[in-house]
Each structure stands twice: as C-alpha cells, then as structure tokens.
Amino acid sequence: MNLPTFQQLLRHKLLPHKIDPMLQQPLVKILLQITLIGVVWGSADILKKLFNLPMSSGIVGLFLMLGLLLTGVIKPNWVNIGAKFILGELVLLFIPLMMSITQYQQLFFAKGWQLMITIVVSTALVMLSSAITFMLGNRVKRALYRRTHHAHH
C-alpha cells in the first residue's frame, strides 16, 4: 500500500516546486512519531505528579526522552521526523501566549517590565540551551559514527 506524503496532500499551484524533504515523508510516519513523543511527554507528566517532582513535566520529559534515546529503548530515527515537524510548527504554539497577553492587558501594563525581562531572559536561555544541546548531540553522534565506522574497518 502506497501511503500519501505531505507533498502529495499539499500539492497546489501556489506551492513551490521544491518542497522540504521532511514534508515528503509519509503522513502516517510523522503522526506515529509525534504520538510516540506525546506518549513520552504524557509519561513524564504522570511521573511528575506521582513523585511530586519540583519541575515541570516538560523538563521531566526532556530527561526521560534523553534517557530513552541514550539507552537505545527509543531509536533516534523513531522520532526525528516527528520532532522536526513539531519544531517547524513551533510558532503556532506561541499564539496562545499572545492571546493571554491581550486577555490580561491590565496585568501586562502593571507588571509588563517584569514580564518582558522574564520573557527575554527565558527566551535567551532556551536558545542557548538548545544550541548547546544541539552541538553536544552532534559531537556524540559524530563520535558514535566514528567509533562504529572505524570498528568495521
């Protein structure tokens, strides 16, 4: 059975001829990978509540996913396309934030400078930690590749 790809589903005159290779993946594969990421996130939420952990379930989920990836319980190719898709649509996740700001304008005007400092600092920290994680992940990936590549020769 030939599964439809995003490219086939989104074919339209306005779309460019070159489509991101990630969008050429079968829709079912992307949905399954997003579901697996969601299961890990849901499990992290359960663990947070079960053990009354003093951190958000997102942080617990990050460590849980990292542990599952490092131990080989989850293979990177089981989640890489779904994760790229989610990251590509990250802007959509900020729409509720903007709606909250418009809904609570009085709070924003009263404590806006504190909120802006918090937003700027937290955004910078997220960007910095993401860059460091990406760089370290690439180093580990290259080291593992070299180790397996040189072991076979």
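Helices here are DSSP runs of H or I with at least four residues, and strands are runs of E with at least two, numbered from the N terminus. By that definition the chain of this predicted model has six helices and zero strands. Colour the whole chain by secondary structure to begin, and the elements run α-α-α-α-α-α from the N terminus on. Of the 153 residues in the chain, 12% are buried, and among contacts between residues at least 6 apart in sequence, 43% join residues at least 24 apart.

Select next helix α2, residues 27-51, together with helix α3, residues 57-71. Their axes lie 8 Å apart and the two helices pack at an angle of about 120 degrees, which means that α2 is oblique to α3. The crossing in which α2 passes α3 is right-handed. To display the contact itself, show the side chains of Ile37, Val40, Trp41, Ser43, Ala44, Asp45, Leu47 and Lys48 on α2, and then those of Ser57, Gly58, Val60, Gly61, Leu64, Met65 and Leu68 on α3. If these residues of the contact of α2 with α3 are coloured by class, nine are nonpolar, four polar and two charged.

Before leaving this pair of helices, move to the loop between α2 and α3, where Asn52 lies. The backbone of Asn52 has a phi near 50 degrees, a positive value in a residue other than glycine. Is Asn52 buried or exposed? With a relative accessibility of 66%, Asn52 counts as exposed, because the cut-off for that class is over 50%.

Now keep α2 in view and add helix α4, residues 80-88. These two helices pack at an angle of about 85 degrees, with 7 Å between their axes, so α2 is roughly perpendicular to α4. On the α2 side of the contact, select Lys29, Ile30, Gln33, Ile34 and Ile37, which meet Asn80, Ile81, Gly82, Ala83, Phe85 and Ile86 in α4. By class, the contact of α2 with α4 comprises seven nonpolar residues, three polar and one charged. Ile37 is named both in this contact and in the contact of α2 with α3.

The next stop is the loop between α3 and α4, where Ile74 should be selected. Ile74 has a relative accessible area of 5% and is therefore buried, given that the cut-off is under 20%. Which residues does Ile74 touch, not counting those up to four places away in sequence? They are Leu36, Val40, Met65, Leu68, Leu69 and Val79. For Leu36, a distance can be drawn between C-alpha atoms: Ile74 and Leu36 are 38 residues apart along the chain, and these atoms are separated by 9.4 Å.

Finally, select Val40, Met65, Leu68, Ile74 and Val79 together, as these five residues form the largest nonpolar core. Within this set, centre the view on Met65, which is in contact with Ile37, Val40, Ile74 and Val79 once its neighbours within four places in sequence are left aside. Met65 also belongs to the α3 side of the contact with α2, and Ile74, a member of the core, lies in the loop between α3 and α4.

Definitions and conventions
Residues are numbered from 1 along each chain as its sequence is written. This is a predicted model: local features need pLDDT of at least 70, side-chain atom pairs count only at pLDDT 80 or more; totals for chains, interfaces and linings use all residues. Side-chain values use heavy atoms; hydrogens and water are left out. A nonpolar core is a set of buried Ala, Val, Leu, Ile, Met, Phe, Trp, Tyr and Cys residues joined through side-chain atoms within 4.5 Å. Buried means under 20% relative accessible area, exposed over 50%, partly exposed in between (1.4 Å probe, protein chains only). Contact means heavy atoms within 4.5 Å. Axes are lines fitted to C-alpha atoms, for helices over the stretch in contact, and angles run from 0 to 180 degrees between N-to-C directions. Angles under 35 degrees count as roughly parallel, over 145 as roughly antiparallel, 65 to 115 as roughly perpendicular and the rest as oblique. A crossing is left-handed if the near helix is turned anticlockwise from the far one by less than a right angle, and right-handed if clockwise. Ala, Val, Leu, Ile, Met, Phe, Trp, Tyr, Cys and Pro count as nonpolar, Asp, Glu, Lys and Arg as charged, and the others, Gly among them, as polar.
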